[in-house]
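Let's take a friendly walk through this assembly, looking at how its chains meet. Have the viewer open and follow along.

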Number of protein chains: 4
Amino acid sequence: MKKLAVVYYSRTGNTESMAEAIAEGARKESEVSVDVEKLENFPAEKMLEYDGLIVGSPTYYGSMAYQVKKLFDDSVVFHGKLAGKVGGAFSSAANVGGGNETTITGILNAMLIHGMIIEGTSNGDHFGPVAIGAPDTRANSGCKALGKRVAALVTKLT
Amino acid sequence: MKKLAVVYYSRTGNTESMAEAIAEGARKESEVSVDVEKLENFPAEKMLEYDGLIVGSPTYYGSMAYQVKKLFDDSVVFHGKLAGKVGGAFSSAANVGGGNETTITGILNAMLIHGMIIEGTSNGDHFGPVAIGAPDTRANSGCKALGKRVAALVTKLT
Amino acid sequence: MKKLAVVYYSRTGNTESMAEAIAEGARKESEVSVDVEKLENFPAEKMLEYDGLIVGSPTYYGSMAYQVKKLFDDSVVFHGKLAGKVGGAFSSAANVGGGNETTITGILNAMLIHGMIIEGTSNGDHFGPVAIGAPDTRANSGCKALGKRVAALVTKLT
Amino acid sequence: MKKLAVVYYSRTGNTESMAEAIAEGARKESEVSVDVEKLENFPAEKMLEYDGLIVGSPTYYGSMAYQVKKLFDDSVVFHGKLAGKVGGAFSSAANVGGGNETTITGILNAMLIHGMIIEGTSNGDHFGPVAIGAPDTRANSGCKALGKRVAALVTKLT
């Protein structure tokens, strides 16, 4: 059984509810087990245990919250060991145009630097799902699609 | 009298109507004359005539339309001559999370490479206004604010 | 037999010689046939024929040359049809810090918007190889690694 | 007398020696007083005391170190109060193509979200200076130029 973690940092609950929708989508892929993890309970070393990692953060000043950045900075001690794993990213933001895309591409860039594999989507939020405020129907369906897409790629690659 | 151009490429009219709202905002600054120009009628050399340049493009595959990129590529023959001018950018897109921020930051990056000066905003669309489909009230007010902001900085700098 | 294209635009020959090194690396994967194609001879529809696409551009004003952007803009007529293919990007630039990373991430973003799959590397130029001027040993070895990596992922995915 | 701070986070000393070169350049502008500050001694509230802020970070996973991100995240309590101040950014990295540009543009994006003003340069490292390893002559001269440029714009704007 392959393993996928959805790791998130959330203060208002918006990013958390996105994480749950992503996990719901991922669980549609029967060959992957899915864990939803608060960042606070997820030391960097746990990244090593998973075949796929989806990381979510609120949009703060156009990039991931520093707590999420710390996860990546801490991961330098096993740099190279995440290569070939599948990644994905999501974000909640206060505004359209307020830095949500740069937050998501920032998380994806960190994953590429680890040698991870990323898949976009030709429908909806192309880099990863964005919620403006509390996730609406559009955001929720993007979250489910991301979960399903990453879980499917994890299955396919291994 | 200082001069500001709002240059845009538009196929559906969405980017065009943003350009008009930006010009309306810019005209609130009485010491700046404002021209609204279709990209098709704006050879790169005309960039040299203005103290401020606001460039708009639809979001296509996460960056400015190739026609807009051609404007910047053509400007290489006078590289260095735009240094110190004020820049701004805007985009219309089909989707939230569809590449509108990366389009705007791509235009701003091209301006920074020319040595131009950029100002963000702490309210609303921080890098520059985004319309999702036809510009709504939110997008229009962001456009007016961008016009006013760039015109005010042009006035202040010279 | 799976198919991979290395498509490039080059004026000085630097991007072209990177394309050749990438093809050399890709040909190490015996189950993939590799074509090296000048952009001028590569209409967008040809993208559909390949399982993997590696696209290279000189760095002009922090993003791909408008000729390369036109390839992506033209591809909108078959939007969705490239989903699941493997992508990669490379660039030659005049300067360190001159926009080469933003050029490569711009190409990768366009691929993600098509629903394509991207793999980074934990060694060297993480997003894709960069040459500063004519490709040196460092750039050439990054090119070979990119070719091999994309070809290996094409093989694995299908 | 206008005030400019060069704030940096450094572990190996490379980012620190860039900060010193930037301050040297800034001090060429006689109407600006320049402070060089370690991030550890610079609580976010101190950002309010300066007319210009130049922030430097090593490149970690393609963006600023989490300690630097925390500075920006902490600044949310006075969001809007930095509007109109002048910003600049710099980074040291292990590699060309290793995320140094995305680190610098990430810092600049955070500044734009605060409503700050940024100036690029048509020469050298366009977004801000990059050192690959210990700063060499090229990096040092880019640092001095950044200091001078930001100090000159601070002078001009006020």
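## Where chain A meets chain D

Please keep in mind that this is a predicted model. A good place to begin is the pairing of helix 2 (residues 66–74) of chain A with helix 2 (residues 66–74) of chain D, whose axes lie 9 Å apart and pack at an angle of about 175°. Because that angle is over 145 degrees, helix 2 of chain A counts as roughly antiparallel to helix 2 of chain D. On the chain A side, the contact is made by Tyr66(A), Lys69(A), Lys70(A) and Asp73(A), and on the chain D side by Tyr66(D), Lys69(D), Lys70(D) and Asp73(D). By class, six of these contact residues are charged, two are nonpolar and none is polar.

Now step back to the whole interface. Chain A and chain D each bring 16 residues to the contact. On the chain A side, helix 2 and helix 3 (100–113) are the elements that give two or more residues. That side of chain A holds seven nonpolar, six polar and three charged residues.

## The symmetry behind the A–D pair

How is chain A laid on chain D? A turn of 180° with a shift of 0.0 Å along the axis does it, with an RMSD of 0.0 Å. The two copies are therefore related as by a two-fold rotation axis. If you want to find that axis on screen, look for Tyr66(A): its C-alpha is the nearest to the axis in chain A, at 2.5 Å. Both copies use the same surface, with 100% of the contact residues of chain A recurring in chain D.

## Where chain A meets chain B

Chain A also touches chain B, with 16 residues of chain A in contact with 16 residues of chain B. Here helix 3 and strand 7 (130–132) of chain A each supply at least two residues, and helix 3 of chain A gives the largest share, four residues. This side of chain A has nine polar, five nonpolar and two charged residues.

Chain A superposes on chain B by a rotation of 180° with 0.0 Å of shift along its axis, at an RMSD of 0.0 Å. For this pair too, the same surface serves both copies, as 100% of the contact residues of chain A recur in chain B.

## Helix 3 of chain C and its partner

Next, turn to chain C. With 14 residues at 1.5 Å a residue, helix 3 (residues 100–113) of chain C should span 20 Å, and its end C-alpha atoms are indeed 20 Å apart, so the two values agree. Is helix 3 of chain C mostly covered or mostly open? Mostly covered: 14 of its 14 residues are buried. Just after helix 3 of chain C comes Gly115(C), with a positive phi of about 80°.

The axes of helix 3 of chain C and helix 3 (residues 100–113) of chain D come within 7 Å and cross at roughly 90°. The two helices are therefore roughly perpendicular to each other. Glu101(C), Thr102(C) and Thr105(C) meet Glu101(D), Thr102(D) and Thr105(D) there. This contact has four polar and two charged residues, and no nonpolar ones.

## Helix 2 of chain C

Finally, in helix 2 (residues 66–74) of chain C, the buried residues are Tyr66(C), Val68(C), Lys69(C), Leu71(C), Phe72(C) and Asp73(C). Within chain C, the buried residues of this helix pack against strand 3 (52–60), strand 4 (63–64) and helix 3. From chain B, they pack against strand 3 (52–60), strand 4 (63–64) and helix 2 (66–74).

Note on methods
Residues are numbered from 1 along each chain as its sequence is written. Chains are lettered from A and ligands numbered from 1 in the order in which they are written. This is a predicted model: local features need pLDDT of at least 70, side-chain atom pairs count only at pLDDT 80 or more; totals for chains, interfaces and linings use all residues. The expected span of a helix is 1.5 Å times one less than its number of residues. A residue is buried if 20 or more other C-beta atoms lie within 10 Å of its own, exposed if 12 or fewer, and partly exposed in between; C-beta atoms are placed from the backbone. Axes are lines fitted to C-alpha atoms, for helices over the stretch in contact, and angles run from 0 to 180 degrees between N-to-C directions. Angles under 35 degrees count as roughly parallel, over 145 as roughly antiparallel, 65 to 115 as roughly perpendicular and the rest as oblique. Two residues are in contact if their C-beta atoms, placed from the backbone, lie within 7 Å. Ala, Val, Leu, Ile, Met, Phe, Trp, Tyr, Cys and Pro count as nonpolar, Asp, Glu, Lys and Arg as charged, and the others, Gly among them, as polar. Copies are superposed by least squares on the C-alpha atoms of residues with pLDDT of at least 70 in both.
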